[in-house]
Amino acid sequence: MPPLLAEIAQLVVNGVMAGTILAVPAIGLTAIYAVLRFPNFALASHATIGAFAGYIANVKLGLPILPSVGLAFLVAGAVGVATDEVVLKQFRPAGFITTAIASIALTIALENIVRFAFGNELRGYALPIERDWRFGSIRVGPQQVQNLAVAAAAMVMLFSFLAFTRTGKAMRAVADNPMLASIKGINADMISRLVNFVGMGLAGLGGMLIGLDTTIDPLTGFRSILSVFAAAVVGGLGSIPGAVVGALTVGVGEELCLLFLSPDYRSAVGFVAILLVLTLRPRGILGQRAY
Amino acid sequence: MSLLTVENLVVGYSPADEVLKGVDFCVDTGEIVGVIGPNGAGKSTLLKSIAGLLKPGRGSIRLNGEIISGHPPRDISRLGVAYVPQEQNIFPTMSVRENLEMGGYIDPVGSGRKIDMVFERFPILAERRRVAARALSGGERQMLAMAMALMVEPKILLLDEPSAGLSPMAAEILFENIVTVNHAGVSIAMVEQNAREALTIAHRAYILVDGRNHRDGPAATLAGDPDIRHVFLGG
């Protein structure tokens, strides 16, 4: 394979891996938006909290990666429900802009609590050192593949939950037509708590997966929130399949830009993607269908 | 005792802005009762208040003698009152079958059997069971909205302008369906702009004007009244 083609193929593979991981918190953001109708930027700090919960489980308690990932989901989901009940719910009657701004304040507060508890230093998970797998000229890390499998499994479970369970369908119904859902007896408060648990749980899971690929610190979530937000907007804010499509687009785009630009400019891809979508197709690639 | 009794109902956004100014209304078991009147008369507000979507300022709403006014919509629905809004009365991205499942959300026992019964009554919905509801025609959407309401096996169905925006042919099919549902034992309270058609299928009717009762009586009597024909039925 010519060197340029090999480089492009490697970047596309890396992009698909990164995009699949990015899709996990992006689904969380878009699911919360679909039901509660505001972009919850506190997702950033919940990704960090998930990453640290997984760190405690894996490094301090010595648990293997998979149970640690499960714990990251559960802790971030529980914190998400608690912070929404205590903080964000009080702002919702004031409208979505006020609530979105409150979510930024919340994320700064939570991030600093993590900083207070763990300090600023970079931390890594207890991972075995393994050789990359080679497929021709393309190299893939075993941990990357495991992360991809976890992200894909989380998405399959979420899609199955939404498609086949009564509660999952009720969640879609509230996203589709909240007034009618209330007439039909669907408890909107219960659905709000559930979507916060699942959405922030996915953020925590995503935060840990990002950390498994690199390292973690109190800014882990903050650094990825632009890409997550871009993925959700590109796919169609409020659309769960759209978040997957958007995340793959942004993931591959961020990698391919390395052909022309220094890695310092990688995050510009998110800005450009948001700008292009809002200009050319404001409802996103798949529109704003919840499912 | 009537199935549904509304007495001296006052509903408004503020004391100075009352939409209903003391309305009396009742529906007996097995009846179709029409509510007609000019725009802004408070017809839809009456149905929304019965369904629990608006809180009455004064007056009472009773179902089988039990007060239901002020109860949340979920509880009222559980008691057997099914409300079909005029617009946005389906879940557009969900399939026809999923819409029916959500229609029966509060009473999931026997959901499959009830869906089969609905499909038997509305074969067109059975044909389109896997189609997203937003892809249905206007008439099919109204049919689905009514079918969703029937999933809780209601005592009374509240229909808010069911024929709005439908072609004459689709409206005719819809009115036929309303009569069929009524013959199956469901009482119906129906707000309708198409006053002539409403009076044709209704047993009794109420005319509201400016938030107050104007006239009521057997639908055939009202339809035959020259004054009412002139003002409300276009001559």
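Two strands count as paired here if DSSP finds at least two bridges between them. That criterion serves the first stop of this tour through a predicted model.

**Stop 1: the strands of chain B.** Select residues 4–14 of chain B, which form strand E1, together with residues 58–63 of chain B, which form strand E4. The two run antiparallel and are joined by five bridges, so the pairing criterion of at least two is met. To find the register, pick B:Val6 and look across to E4(B), where B:Ile61 stands opposite.

Keep E4(B) on screen and add residues 66–67 of chain B, strand E5. E4(B) and E5(B) also run antiparallel, with two bridges between them. One pair to label is B:Leu63 with its bridge partner in E5(B), B:Glu66. Then go to the turn: the hairpin of E4(B) and E5(B) has two residues between the strands, and B:Asn64 takes a positive phi near 50° there.

**Stop 2: chain A as a whole.** Hide chain B and colour chain A by secondary structure. Eleven helices and two strands should appear. Followed from the N terminus, chain A gives four helices, then the two strands, then the remaining helices.

Along its principal axes, the C-alpha trace spans about 60 × 45 × 35 Å. Chain A has a radius of gyration of 19 Å, which agrees with the value near 19 Å for a compact globule because that is what the rule gives for 291 residues. Colouring by burial marks 51% of the residues of chain A as buried. For contacts in chain A with a separation of 6 or more, 76% come from residues 24 or more positions apart.

**Stop 3: helix H10 of chain A.** Select residues 240–256 of chain A. From first C-alpha to last, this helix of 17 residues reaches 24 Å, close to the 24 Å expected at 1.5 Å a residue. Is H10(A) mostly covered or mostly uncovered? It is mostly covered, since 14 of its 17 residues are buried.

**Stop 4: where the chains touch.** Show chain B again and select the contacting residues on both sides: 17 in chain A and 20 in chain B. On the chain A side, the elements giving two or more residues are helix H6 (166–176) and helix H7 (178–183). Which of the elements of chain A gives the most to this side? H6(A) does, with six residues. Colour the chain A side by residue class to finish: eight residues are nonpolar, three polar and six charged.

Terms used. Residues are numbered from 1 along each chain as its sequence is written. Chains are lettered from A and ligands numbered from 1 in the order in which they are written. This is a predicted model: local features need pLDDT of at least 70, side-chain atom pairs count only at pLDDT 80 or more; totals for chains, interfaces and linings use all residues. The radius of gyration is taken over C-alpha atoms; the globule rule is 2.2 Å times the number of residues to the power 0.38. A residue is buried if 20 or more other C-beta atoms lie within 10 Å of its own, exposed if 12 or fewer, and partly exposed in between; C-beta atoms are placed from the backbone. Two residues are in contact if their C-beta atoms, placed from the backbone, lie within 7 Å. The expected span of a helix is 1.5 Å times one less than its number of residues. Ala, Val, Leu, Ile, Met, Phe, Trp, Tyr, Cys and Pro count as nonpolar, Asp, Glu, Lys and Arg as charged, and the others, Gly among them, as polar.
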